[in-house]
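Here are my notes on the model you sent over, written as numbered points. Have the structure open beside you as you read.

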Amino acid sequence: MSRSQRESVPWWAPGEGSPESETCPHCLGVYVYELEVRCVDCDRPMCPVCAVALRRTEVRLCGECGGGEADG
Amino acid sequence: MAARAIWKGVIRFDAVEVPVKLYAAVEDRNVQFRLLDEESRAPVRQRMVNPATGDEVPFTETKKGYEAERGTFVVLEDEELEELRPEPSRDIEITRFVPPAEIDHRWYERPYYLGPDAASEQGAERDYFALAEALARKDREGVARWTMRQKEYVGALRPEGDYLMLVTLRHAGEVIPASALEAPGGRALAAEEVEMAEKLLSALEDDFDPSRYQDDYRGRVLELIAAMAKGRKLAAPAAAPPKAEPESLAKALEASLAQARKGKKAPATKKAPAKKKAPATKAKKKAPSAKERSRG
Amino acid sequence: MARPRAKRRAEAAPRIDPGAARARAFWSGTLTFGLVSIPVYLYPANRRGGVSLRMLAPDGTPLARRYYSPETGEEVPFESLVRGYEIGEDGKHVLVEDEELAALAPEKSREIDLRRFVPADSIRPLYFERAYFWTPAGDSNKAYRLLARVMERTGRAGIATFVMRAKEYLIAIFAEGGILRAETLRFAGEVRTPEQIGLPEKPEVDRHTVRRFEKAIEELGAEALDPEELEDAYGKRLERLIAAKRKRGEGVVEAGEGAGAGEDADEPVDLMNVLKWSLKSAEKRR
């Protein structure tokens, strides 16, 4: 759904912002910086939707941060 | 309550090898935002669908692509993208050392602390502190490149007190300097106005003390959430009384100067709850700030 | 420098839709110092680099993003997305309206009061987070130019706090080349200390080792950065891969004009043009 189809889109809505918004490395979703969540284990960013999804599966980020000290 | 290291690496340049551990230096204090479904108030999940058919394509089956022109896509296979990734490595390679002024803070993206990786070998801890001291004495920052979790980084290796920090840097082209833009123009500014403005600025001069500032708003958001959780409403804070509009810039400057001078004699009465002290008061009260901080 | 400014056509402001330009502003309001009010817009001063990719189906069809309720599996239309916060650990959430959050800080959401000016170089670099440019709004840019002039002359940065996007920001305001810029700062509580991380205290270090390291640092000394070192190496490799595939006609899918309209149907105006237009926009009027 394009932005022009919705009246007064809130600033926090997904896909909003501008070219200066962030892109989630996990799902390629567009989100504004203020909503960014960082992985507690590896400090990489993710969008607020992925933050919930990943937490629900008990995995921090892309299954790479399983816990313990990193293996790069 | 030690933090856990994000990564382990080895600083390398010339014959120097210093094993280190990387830690996040930023504490994320944002109140966690959630996108909810209006009906169920549950946090939403997302899925990718073919807009024409409505069929879902699971994330594991999707491909990435580049929109070359409107409606034309170049599909990138997973294997092709894999091949672009850097080789895994534990090296933090320093390519050069430059004066700190060379890397303006606008290039700084995210800071990390480095700590010694004492477990890796004998003397690693002393080498770490020796390197931090050497960098501080030479007053230099190293340009560092490293690869962490299949992503390449470039950063600045800098001394911070007795320790070392690695700050990731933005990429070329990402910083718009003021020099790339033309300043707004207009009629020449009147000399008296410039003079008054300078005086006003002088009256407001102070040192930068980061401990003076707290995120009050965050506390109010948490209170609001707690109140809503209990089904209560919060009283809205009183709106600030409207300011009298001065007639001209010159009059505004004059009146401001007068006010600022009065402020030097007595604590300024500000309309907003003042966590900041009036600029001219001599006793800098740090104690209340510490208390506020422990609350947040 | 009170020379009158020559009316030169150095660079005419680009032609763009004022509405579109203002829509790109993150914030608009008033900077105040003393009783002087400066209406302004706030724009990003950093650009995103790199290549933007889209999610496609295996056959190359561009995909659309849909949200659904995890409990029912039913789609949640865009209009039904609301903002909330979690309470407690049991997955309960409260809905919070934008107005309720804005009402928490009425004095800080539209006006930025510059009450303190500090030496511009006294702020530790690792406190800086993001940068924005201020552009003059309103009918006259005189107050804007005045503030920029005196700040640049005195080498001072203004310190203030304000609320934007439901978050309180501590900012340092700089003037450079006649243009005002805000840089958000991390609050003291947001930057960890070595003690909090658990870094060990400094032991005795071997003087010879320090000297050896200093020599090695000298050997690799340079006066300036090499701009190539700041290149996005991965981004460049990705661009080359895409270009090569296009040339070979490999993996190129024509999804049709309609399909191209993704998350953002309207082509955004280039940020540089928006900034240039906005800086000039209050010039003509007085």
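1. A working definition to begin with: two residues are in contact if their C-beta atoms, placed from the backbone, lie within 7 Å. Please also keep in mind that this is a predicted model. On that definition, and leaving aside neighbours within four places in sequence, Pro119(C) is in contact with Gly155(C) and Arg156(C).

2. Let's stay with Pro119(C), whose place is in strand E9 of chain C, residues 116–119. Is Pro119(C) buried, exposed or partly exposed? There are 14 C-beta neighbours inside 10 Å, so Pro119(C) counts as partly exposed. Gly158(C) is 39 residues away from Pro119(C) in sequence, yet the two C-alpha atoms are 8.8 Å apart in space.

3. The strands around this spot are worth tracing. E9(C) and E11(C) pair in the antiparallel sense over four bridges, and Phe117(C) has Gly158(C) in E11(C) as its bridge partner. E11(C) also pairs in the antiparallel sense with strand E12 of chain C (residues 167–176), over seven bridges. There, Gly158(C) stands opposite Ile173(C) of E12(C).

4. Strand E11 of chain C covers residues 156–164, and eight of its nine residues are buried, so the strand is largely enclosed by the rest of the structure. Two residues lie between the strands in the hairpin of E11(C) and E12(C), where Arg165(C) takes a positive phi near 50 degrees.

5. Now for the core. The largest nonpolar core has 146 residues, and those with the most contacts inside it include Leu22(B), Tyr112(B), Leu147(C), Ile171(C) and Ile173(C). Separate from that core is another one of 11 residues, with Val74(B), Leu76(B), Ala57(C) and Val253(C) among them. As background, nonpolar side chains tend to be buried together in soluble globular proteins. If you would like one residue to follow, try Ile171(C): beyond its neighbours within four places in sequence, its contacts include Ala160(C), Phe162(C) and Leu185(C).

6. How many residues does each chain bring to the contact between chains B and C? Chain C gives 143 residues and chain B gives 144 residues. On the side of chain C that touches chain B, helix H4 of chain C (residues 142–154) gives the most, with nine residues. That side of chain C divides into 79 nonpolar, 22 polar and 42 charged residues.

7. Strands also join these two chains. Strand E4 of chain B (residues 45–49) and strand E4 of chain C (residues 64–68) pair in the antiparallel sense over five bridges, with Val49(B) opposite Ala64(C) in E4(C).

8. Helix H6 of chain C is a good one to look at end-on. In H6(C), Val210(C), Phe213(C) and Ile217(C) are buried. Seen down the helix axis, the buried residues fall within an arc of 65 degrees, so they line one face of H6(C). The face turned away from that buried side carries the exposed residues His208(C), Glu218(C) and Glu219(C). The buried residues of H6(C) pack against strand E2 (16–24), strand E8 (91–98) and helix H2 (124–138) of chain B.

9. Finally, a look at chain A. Its secondary structure comes to one helix and four strands, running β-β-β-β-α from the N terminus on. Of the 72 residues in chain A, 33% are buried. Among contacts in chain A between residues at least 6 apart in sequence, 13% join residues at least 24 apart.

How values were computed
Residues are numbered from 1 along each chain as its sequence is written. Chains are lettered from A and ligands numbered from 1 in the order in which they are written. This is a predicted model: local features need pLDDT of at least 70, side-chain atom pairs count only at pLDDT 80 or more; totals for chains, interfaces and linings use all residues. A residue is buried if 20 or more other C-beta atoms lie within 10 Å of its own, exposed if 12 or fewer, and partly exposed in between; C-beta atoms are placed from the backbone. The arc is that of the directions from the helix axis to the C-beta atoms. A nonpolar core is a set of buried Ala, Val, Leu, Ile, Met, Phe, Trp, Tyr and Cys residues joined through C-beta atoms within 7 Å. Ala, Val, Leu, Ile, Met, Phe, Trp, Tyr, Cys and Pro count as nonpolar, Asp, Glu, Lys and Arg as charged, and the others, Gly among them, as polar. Two strands pair if DSSP finds at least two bridges between them.
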